[in-house]
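Biologist: I've got a sequence and a model on my screen, and I'd like to walk through it with you. Mind if I fire off some questions?

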Amino acid sequence: MSLPEFKLLRPRSVEEAIGFLVKHGNIRVLAGGTDLIPSMRQKLFEPEYVLDIRHISELREIHPQAGHGVEIGPLTTLNAIEHSEFLRRHYPVLTEAAATVASPVLRNMGTIGGNICLDTRCLWYNQSLTWRKACGFCIKKDGDLCHVAPGGTKCWAVFSGDTPPALLCLNAEIELASPSGVRRMALRDFYTGAGDSYRKLQPNELLTRIFLSDSSADLRGIYRKLRIRGSIDYPLAGVAVALKRSDGQVSDARVAITAVNPAPTLITGVAGALEGRAVDESAAEAIGEMAAKTAKPLTTSALTPEYRREMIRVLTKRAVLAAAAN
Ligand SMILES: Cc1cc2nc3c(=O)[nH]c(=O)nc-3n(C[C@H](O)[C@H](O)[C@H](O)COP(=O)(O)OP(=O)(O)OC[C@H]3O[C@@H](n4cnc5c(N)ncnc54)[C@H](O)[C@@H]3O)c2cc1C
């Protein structure tokens, strides 16, 4: 599968990058390219311009802020996240999740910004042009029917990034830059819940920073995922747990899931269910039930929806027990 023709633009600053986004309509941002390039080969995107932002050095660093958490540049590789001593000590759920993305080679190229902005995935979408054409295309690209929920008008392609559920547990915020300045939003507000237009990123916007606050530091963190090949594959169900204990009892708890809905999703009610008690099998089981009820997997992957929902329940229970035992 060959790459479609495109013109490569290489800005050296955020300002220059935004200038290119404003000037050129049919343009795509390239960070590590580990998702964009395969998608271009499959003709899912055929941009006239590719904006290679890898040379904007200001977007690459991890900056701990004394007493105010940490700022992470979106071009920070997943490998750098995984091996950051600071993040491992203070935000372990994020380093755990980053360490499970794809394979070491892809983590060396792939960035956290690309992971946050990652396109949604579906068995009927991530295929070659010939394959998709033979099936009559789908709502997400070139068609008007959904093979997953026939008769429906909604796209159910699944968000399958590993770090966003960890970031949701850490109440992460992001900064988006555009010609009219910067706006900051909670990461949980960035995703729409629709499989096609899945993120609130305007065509002239660039993700420029990720913020983790001090109040989310030092929670115990666990990430668990189900995938076909343990060495490389996207999650087919993923669970992040961040939990704080004092005197043997839970004082804060957050759980988020991925790869079973069109957006990574925080489970509501977890803190209320666990706070002030010690975690035992039945408490962990109850959180697993809450996560399984929130998961809405459909036939977007090779594994059945029933199995993926059950694995959300099992992985959540195990992750909660592991976080409490740490
Ligand atoms: C074989 C294989 C296995 C994989 N397994 C996993 C896995 O297990 N888990 C997982 O999470 N991912 C997986 N991936 C996907 C990918 O490697 C990661 O998600 C990676 O983090 C993507 O980052 P990137 O920098 O390469 O993104 P790119 O491919 O460069 O970009 C991805 C998307 O984000 C946009 N984008 C990137 N940066 C910005 C920015 N700063 N502002 C605005 N938009 C931006 C791009 O335009 C594009 O739409 C896999 C990929 C492959 C090929």
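Biologist: Let's start with helix H11. Which residues of H11 are buried?

Modeller: Keep in mind that this is a predicted model. H11 runs over residues 281-294 and spans 20 Å from its first C-alpha to its last, close to the 20 Å expected. Its buried residues are covered by elements that include strand S11 (249-258), helix H10 (270-274) and helix H12 (305-325). The buried ones are Ala283, Ala284, Ile287, Gly288, Ala291 and Ala292.

Biologist: Now the domains. How many residues of domain 1 are in contact with domain 2?

Modeller: The domain assignment gives domain 1 as 1-59 and domain 2 as 60-117 + 158-325. Their C-alpha centres lie 26 Å apart. On the domain 2 side, 20 residues take part, and on the domain 1 side the number is 17.

Biologist: And which residues of domain 1 lose the most area to domain 2?

Modeller: The two domains bury about 1,400 Å² between them, with 67% of it on carbon and sulfur atoms. Three residues together make up 40% of what the domain 1 side buries. They are Ile18, Thr34 and Leu59.

Biologist: What about charges and polar groups there: how many residue pairs are in polar contact across the interface of domain 1 and domain 2?

Modeller: Salt bridges won't help you here, as zero are found across that interface. Polar contacts do turn up, and the number of residue pairs is four.

Biologist: Which element gives the largest share of the side of domain 1 that touches domain 2?

Modeller: Helix H1 (14-23) and strand S2 (27-30) each supply at least two residues of that side. The largest share is five residues, and it comes from H1.

Biologist: On to Glu175. Is Glu175 buried or exposed?

Modeller: Glu175 sits in strand S6, residues 173-178. Among the residues it touches are Val182, Leu206 and Phe211. Its relative accessibility is 10%, and the cut-off for burial is under 20%, so Glu175 counts as buried.

Biologist: Which residue meets Glu175 in a salt bridge?

Modeller: Glu175 has a side-chain polar contact of 2.7 Å with Thr208. The salt bridge goes to a residue in strand S8 (residues 206-212), 34 residues apart from Glu175 in the chain. That partner is partly exposed, with a relative accessible area of 29%. The N to O distance is 2.7 Å, and the partner is Arg209.

Biologist: Glu205 also forms a salt bridge. With which residue?

Modeller: Glu205 lies in the loop between strand S7 (181-186) and S8, and its partner is in S7, 22 residues apart. Glu205 is buried at 6% relative accessible area, whereas the partner is partly exposed at 32%. The closest N and O atoms are 2.6 Å apart, and the partner is Arg183.

Biologist: Which residue meets Lys140 in a salt bridge?

Modeller: Lys140 is in the loop between helix H8 (129-134) and helix H9 (163-169), and the partner, 21 residues apart, is in the loop between helix H7 (112-117) and H8. Lys140 is buried, with a relative accessible area of 14%. The partner is buried too, at 6%. The bridge is 2.7 Å, N to O, and the partner is Asp119.

Biologist: Last one: which residue's backbone nitrogen does the side chain of Asn261 reach?

Modeller: Asn261 lies in the loop between S11 and strand S12 (265-266). At 7% relative accessibility, Asn261 counts as buried. Its contacts include Val158, Phe159 and Thr294. The side chain reaches a backbone nitrogen at 2.8 Å, and that nitrogen belongs to Lys296.

Terms used
Residues numbered from 1 in each chain as written. Predicted model: local features only at pLDDT ≥ 70, side-chain atom pairs only at ≥ 80, totals over all residues. Heavy atoms only, no water. Helix = DSSP H or I, 4+ residues; strand = E, 2+ residues; numbered from the N terminus. Expected span 1.5 Å × (residues − 1). Buried < 20%, exposed > 50% of the residue type's maximum accessible area, 1.4 Å probe, protein only. Contact = heavy atoms within 4.5 Å. Domains from an automatic or database assignment. Buried area = accessible area lost by both parts, 1.4 Å probe. Salt bridge = Lys/Arg side-chain N within 4 Å of Asp/Glu carboxyl O. Polar contact = N/O pair within 3.5 Å; in protein donor to acceptor, adjacent residues only side chain to side chain. Lists of a residue's contacts leave out its neighbours within four places in sequence.
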